[in-house]
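Here are a few short exercises to work through with the model open. Try each one yourself before you read the solution.

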Amino acid sequence: MRSRVVTAHIPDQLARRLDGLAERLERPRGWVVKEAIEGYLALDEERHRQTLAALAEVDAGATIDHAEVRAWAGGLAASPRRKSRR
């Protein structure tokens, strides 16, 4: 797999945290950065996918009227609370 060097300026405090994590994990700093970027990108891609799916539902008319939601929420406040069995 090909790789590229990417440079980023980060605050000293963040760099110290990065160094501490790399030391604790006994991994190179570059490995920690790569894992963090992969995780962030995966999270962002999933968020984007869910946003597009939600917009498609709205376009298809799968919505609930605001007044219905308020009535439902109001009913929650009025209903008796169940006691927890712990």
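**Exercise 1.** Which salt bridge do the side chains of Glu 35 and Lys 34 meet in, and what is the N to O distance?

Solution. Keep in mind that this is a predicted model. Start with the cut-off: a Lys or Arg side-chain nitrogen has to lie within 4 Å of a carboxyl oxygen of Asp or Glu. The side chains of Glu 35 and Lys 34 are 3.5 Å apart, N to O, and meet in a salt bridge. Next, check exposure: Glu 35 has a relative accessible area of 34% and is partly exposed, and Lys 34 is partly exposed at 40%.

**Exercise 2.** How far apart are Lys 34 and Glu 38 in helix α2?

Solution. Lys 34 and Glu 38 are four residues apart in helix α2, so about one helical turn separates them. Their side chains form a salt bridge at 3.4 Å, N to O. Glu 38 is partly exposed, with 43% relative accessibility.

**Exercise 3.** Find the salt bridge partner of Arg 49.

Solution. The partner is Glu 46, with 2.6 Å between the closest N and O atoms. Both residues sit in helix α2, three residues apart, or about one turn. Back up the helix, shared salt bridge partners join Lys 34, Glu 35 and Glu 38 into one network. The full count is five salt bridges.

**Exercise 4.** Which residues make the nonpolar surface patch?

Solution. Val 33, Ile 37, Tyr 40 and Leu 41 make a patch of about 380 Å². Take Ile 37 from helix α2 (residues 29–59): its relative accessibility is 46%, so Ile 37 counts as partly exposed.

Conventions
Residues numbered from 1 in each chain as written. Predicted model: local features only at pLDDT ≥ 70, side-chain atom pairs only at ≥ 80, totals over all residues. Heavy atoms only, no water. Patch = residues over 30% accessible without salt bridge, like charges linked within 9 Å, V, L, I, M, F, W, Y side chains within 5 Å. Areas by Shrake-Rupley, 256 points an atom, 1.4 Å probe, with all protein chains shown as cover. Helix = DSSP H or I, 4+ residues; strand = E, 2+ residues; numbered from the N terminus. Buried < 20%, exposed > 50% of the residue type's maximum accessible area, 1.4 Å probe, protein only.
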